[in-house]
Amino acid sequence: MTTGIKRRLLAAAAALVLLLSAGCTKQQAGQTDAVQPFDFYYRTVQTGYDGDSGVIAAQTRELGTQTPEVEELFALYLQGPADESLVLPFPQDTELVSAVSGEGVLTLRLSGGYEALTGVNASIADACIAKTMLQLSGVKSVCIMAVTSGGGILRQTTLSEEDLLLQDDSADASNLEILLYFSDESSRYLLAEKRTIPHMDASQLPQYLVEQLIAGPQTAGMYPTIPEGVSLLDINVENGVCAVDFTADFVANRPESEQQERTTLLSVVNTLTELDTISEVQFYVEGRRQETYLYLDISGGFVYDGSAVGPVRPDLNELDATIYLPEQSSAKLHAIPLRVKLTSSESAERAVLQALLSYPSGNGVSNPFSGSLQVASVKVTHGICTVDLNEAYPGAESYSAECGQMRAITATLAALDGVRAVQILVNGAEPAYRFLSAQGAQSPQPNWFCQPDGQ
């Protein structure tokens, strides 16, 4: 659910979430005369609604003679509570991307497991962090952003002491904040547009969101994704599955490229799955379930794809790459734009290959690689990229799967600058293919792709 909706939850679910000020019980880990005692707020294991325990409680620790920087403080926070009655309110793989303070506002950008939190769990985590950090000198409010690895903002909440009062003011809530996903100029990535809208019943939101997608973006640099002339016929949510039924123009005027096809489908999926009530989207046209769109198999449900959200951030050492994976309904390769994080100890070729191997199946594509496949080395010499893998390659049981493995690696690496062909080895030797006769360095061929030119 988007930021505004979660902030309404923060207010409306006072009985569940915001038993904070009056409902928090300090559970001391150190002595009462601790040097610079500091309260770290955690979620309670046993939630109380009418007593003193509440939903969150504080554990006091000694900080020593000097107050640590926010980064050090958050690292201490991540260690979790010593008291068994408390638990960390967010996944332990949460990472603090940045902490910026100015004009009384402490802005925390969190990634990793934090971006997966939704609904009440996200509200509780936000409240715990805010109450912890509001103790810092000069901090009047805490802005918490859940961001993707590419820097995209999934949700954002700003909390002050006044926001954490024990009261339910949801009846006065007049506005919601929503996220709509539109395309960038090149149709490679989705961009999130945040809007403030009048408060409405949660059951009305799915239809409203799709209608706003059809109407198009209001922000410069964002582009519409829904084909011209399309209208929404019906939308239904049941057990987390949202069935969206469009008019015939959704197919008649469908995109002409695989990149546009991807942004069209995922703009609908990512927008709707921002709601806690929706985890999967199915596509219908004139009441009939669709099997394929342009190239992609859409007979199955589509789920949220954070990797499709941009922009690419070169300042965060992100590379704008393209990986290739077989489509679910054919052996043809589908191009997937992907933000790949580079490290100082890893080459672009190795980072992109690892991203290919770990990309999940679903949303119309299949990953033919086993989880046991390991990369020993990747190097480029005179335009030939040599990849040395372990015995798990080739691990395919059919010609199409084996073909998919070899072609996916070759096409993905050959798309990088400076690579014209790819040589695949297994423990330093030519692989013993079961079905293919490929030997030596391979270059991508036009018939590998869902489009003749492979674009």
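# A tour from helix α6 to the aromatic cluster

Begin with helix α6, which, with three residues, gives the most to the lining of the second largest cavity. The model on your screen is a predicted one, and every stop on this tour should be read with that in mind.

**Around helix α6**

Select residues 258-272 to show helix α6, whose 15 residues should span 21 Å at 1.5 Å a residue, and whose end C-alpha atoms are indeed 21 Å apart, which agrees. Centre the view on Leu266, since this is the residue at which α6 bends by about 25°. If you then show the surroundings of the helix, you will find that 14 of its 15 residues are buried, so α6 is largely enclosed by the rest of the structure.

Keep Leu266 selected and add Arg188, Tyr189, Leu190, Arg262, Thr263, Ala308 and Pro337, which together with Leu266 line the second largest cavity. The volume of this cavity is about 40 Å³, and its lining is made up of five nonpolar, one polar and two charged residues.

**The largest cavity**

How many cavities of 30 Å³ or more does the count come to? There are two cavities of that volume or above, and the next selection shows the largest, which has a volume of about 50 Å³. Select Val422, Gln423, Ile424, Glu430, Pro431, Tyr433, Ala438, Gln439, Gly440 and Gln442, the residues that line the largest cavity. Coloured by class, this lining divides into five nonpolar residues, four polar ones and a single charged one.

**The largest pocket**

Move on to the largest pocket, in which about 620 Å³ of space lies. To find its centre, select Thr148, Ser149, Glu318, Arg339 and Lys341, which are the closest to that centre among the 22 residues that line the pocket. Then colour β5 (95-102), β6 (105-111), β16 (333-341) and α7 (348-358), the elements that each give two or more residues to the lining of the largest pocket. Which element supplies the largest share of this lining? It is β16, from which four residues come. The lining of the largest pocket as a whole divides into eight nonpolar, seven polar and seven charged residues.

**Aromatic rings**

For the last part of the tour, show the aromatic side chains, among which a search of the whole structure finds 14 pairs. Select Phe74 and Phe90, whose ring centres are 5.8 Å apart and whose planes stand at 10°, so the pair is stacked. This pair links distant parts of the chain, with Phe74 in helix α2 (residues 70-78) and Phe90 in the loop between β4 (86-87) and β5, 16 residues apart.

Leave Phe90 in view and add Tyr77, because the rings of these two residues, with centres 5.4 Å apart and planes at 90°, form an edge-to-face pair. Tyr77 lies in helix α2 and Phe90 in the loop between β4 and β5, so this second pair ties together parts that are 13 residues apart in sequence.

Are these rings buried or exposed? Phe74 and Phe90 are both buried, the latter with a relative accessible area of 4%, while Tyr77 is buried with a relative accessible area of 0%.

To finish, extend the selection to Phe38, Phe40, Tyr42 and Tyr114, which ring pairs link with Phe74, Tyr77 and Phe90 into a cluster.

How values were computed:
Residues numbered from 1 in each chain as written. Predicted model: local features only at pLDDT ≥ 70, side-chain atom pairs only at ≥ 80, totals over all residues. Heavy atoms only, no water. 1 Å grid on protein atoms, 1.4 Å probe; cavity = no way out; pocket = protein on both sides within 12 Å on 5 of 7 lines; lining within 4 Å. Points joined across faces, edges and corners; volume = space filled by probe spheres on them. Nonpolar A, V, L, I, M, F, W, Y, C, P; charged D, E, K, R; others polar. Expected span 1.5 Å × (residues − 1). Bend = angle between axes of the 7 residues up to and from the residue. Buried < 20%, exposed > 50% of the residue type's maximum accessible area, 1.4 Å probe, protein only. Phe/Tyr/Trp six-rings, centres within 6.5 Å; stacked < 30°, edge-to-face > 60°.
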